[in-house]
Amino acid sequence: MLSRNVTPPATTTPTKTRRFRFNWVDGFLWFIRIAAIIVIVVGIVGSIQLFAAGEGPTLEQWRDLVISSFATGAMYGLIALGYSMVYGVLGFINFAHGEVFMSGTMVGLIASTMLFDSGFWDANPMASLLIVVLVAMFTSTLVAVLIERVAYRPLRNAPRLIPLITSIGVSFFLQYAFAGLFGVGVRSYPPAPGNLDDDVEIFGISIAGTKLLVIVVAAISMVALWYFVKRTKTGTAMRAVAEDKEIAGLMGINVERTIVTTFAVGGAMAGVAGLLWALLFRGVDFLTGFLPGIKAFTAAVLGGIGNLPGAMLGGVLLGLFEGVGPLLVLAGLGIPAVSQLKDFVAFSALILVLIFRPSGLLGERLGSEDRA
Amino acid sequence: MKPNRVMRLLAILGALALILAACGNGDTTDTTEAPETPDATEAPETTDAPETTEAPATEPPEEGPLGAVTVADGEDIQIRSLQAITGDVAFLGIPNARGVDMAILDYGAIKGHDVSVGTGLDDLCSADGGQAAAQTIVSDEQVIGVVGTSCSGAAVAAMPLISAAGMVMISSSNTSPALTSDMQGNVGTDNHAGYYRTAHNDFIQGAVAAQFASEELGLTAVALIHDGDPYTNGLTSAFEGAFTSTYGGTITVHTAVAKEQVDMVPVLTEVAASGPEAIYFPIFPAEGTFIVQQVGGIAGLEDVILYGADGLIADNFLEIPESEGMYFSGPNLAFGANTNAITGQSADDVKATYEATYGEPPSAPFWAHSYDAAILLLSAIDEVAVALDDGSLFIDRQALRDALGATSGWAGITGVVNCDEFGDCAAGEVTVIFHEDSTDIEATKNNIVFSNTE
């Protein structure tokens, strides 16, 4: 024992240089980061050159594209809020949230069809949209609370992988339940009521009325949610439960009720997103929730999982990346017919953001169980 | 809460449900007619399959290189139907499947053996679906032939399996040139022996669509949108080839949307940036609906002419108000007076029977091609089947392929059928229709503004 050499070796490399051990993984990641930056910059420069040469989209077309992508991104952001909130409080990804969104927009479609047939839709545009959003929010909230009660509460103490797998099953269940209830065909919302479709002039930029409404509604919802989470007692309880469930319980917070509230609020946001879908895309079928659900989950991770402003930012950025990205970056690289690569760009953006900043753009908010 | 009682009750209910399901519809696989067809198909002048006049052979003839199927006495002849009967493209697959059922009823028995189509298989309009269904089919060696698939993408995946098993497949709605040839003697990339079709080759449709665009509409700049599958991609490529080389026009952009894509603004912006006079988008209603609804909001596309193909000639698409003013290329749908020489039924008769049996008109045009495909298969089986004196039937697979390949001058309800060496058997009549009124779809289907048969 005593003969163990505890003194440092005589000839050591100074500690300063020892830190620069070349790690192949780090080197590879740096290579990727630099390559990505180069590719993106070359692409953008190429697009600017195309624009200067008169090819590619005109300024009006770019403007419309940016606004449209921003609106779509705002919608993704609202859905992403649900993912982030549930992850923050319960620590698992609720893959059925896309179907919660679909349920709201599907039932909203029934309501809007009834309003349209009775003539109310065109006569009172704002009242009709208000009715549709309330119906959608109510349905989404109901579905979210139901699945929490039936599928997730019994698994409260199970390892976190189990409710994740359950959520996939719930997702399929909801999809095919709605297929059975409402049929498999695509159904369309009636066209936007009144002259909602007309262009509106804001600061000299002309925006389509529906897109403007989408952005405004999303902004109002986000502000309302922020107020709720930061200033009200229930919101503070939610943040406390997200921070540390056990201690929050010891502090006298009703943890079960708070969790249900979290699901309900997430569902309500998804319901609002349902209305926005109706304004932007109009067509709904039982599979509508699948792709937006994945994209919203991607957006939540992009912005930092568990982080509410991050979810909204991630959503907007994802919408912009996938809408503008192909034409801005890939077209400049000389790739023909770039719009097919929309999803490729969206998910590459996720990978790149995670390579550059693994905790997401605004940093993740993990509960005490997940923190190192 | 009494969890035990609830659990017990649920378990009993579950067991009851399983028993009911098992005992309920026991005879689904061995019926002669497909289960859903009620018995209302009274065909006034059904001529039975021509009877063989030779005496039954005493011993089975020699098997050809692909082997043979022996249908024992009292057993049914097994064929299969492989169509897109669920999902977005069910509007196309369900009438196809029903056409097969009606054809089997009209044809009757072959040499004393009934024909069974088993349970209808689903191609899911995708390569995965086609492959999975083909594996199910080839695992049963009694199957002689398949009527299917609905979608070219599914056929591309299914044919290697079906061809290797020695079976035949006749499609009523595959139109991709890759499955047969480019109509100029060059074999298609996905052509396999044993494949035939009564639907036209999209090479013809692309050329006719381009001819109409150039000669009748005077267009010189067209944008193309496909959705990645062999049918749509084949059609846009055929259009591009004809439009640029034969008619000297330009394709401003040849891009694609993804299946299930909803946000069409980026792709339409890309199209608008290229400055076309028309957009030819021969895709399906799932994506086509979003394109027509969003194209109005894109700067630069306000006056563009919208041009689709037979995938969009579906009721649920034509009912959309924004689809008014569109042109559609597609197979000639005015076959009313054509008569199938073997069953004696005219197209109008079969359509009337369809409506009487299923309570609705066919939702897609290829039901008639499906009827002809099934009758073609059955009459070819009849031709090559050898009745043995023990009551069984001997059907050589290579002989069946030879008989189908030699089909010529055969009159079906879709026109005259002649099979070429690559499997294209259709009459190849393509028309362009114009859609004026979304409330009167039947008028649109008859509103032919151009045809290649004049």
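Reader: Why is A:Gly249 called partly exposed?

Author: Happy to explain: A:Gly249 has 15 other C-beta atoms within 10 Å, and a residue is buried at 20 or more, exposed at 12 or fewer, and partly exposed in between, with C-beta atoms placed from the backbone. Its count therefore falls in the middle class. This is a predicted model, where local features need pLDDT of at least 70, side-chain atom pairs count only at pLDDT 80 or more, and totals for chains, interfaces and linings use all residues. Residues are numbered from 1 along each chain as its sequence is written, with chains lettered from A and ligands numbered from 1 in the order in which they are written.

Reader: How do you know that the span of helix 10 of chain B agrees with what is expected?

Author: The expected span is 1.5 Å times one less than the number of residues. For the 12 residues 347–358 that gives 16 Å, and the end C-alpha atoms are 16 Å apart, so the two agree. Helices here are DSSP runs of H or I, at least four residues, numbered from the N terminus.

Reader: What puts the buried residues of helix 10 of chain B on the same side?

Author: B:Ala347, B:Val350, B:Lys351, B:Thr353 and B:Tyr354 are the buried ones. They cover an arc of only 160° around the axis, taken from the directions from the helix axis to the C-beta atoms. On the other side, B:Glu355 and B:Ala356 are exposed.

Reader: What covers those buried residues?

Author: The cover includes helix 2 (90–107) and helix 11 (367–384) of chain B.

Note on methods. Helix = DSSP H or I, 4+ residues; strand = E, 2+ residues; numbered from the N terminus. Contact = placed C-beta atoms within 7 Å.
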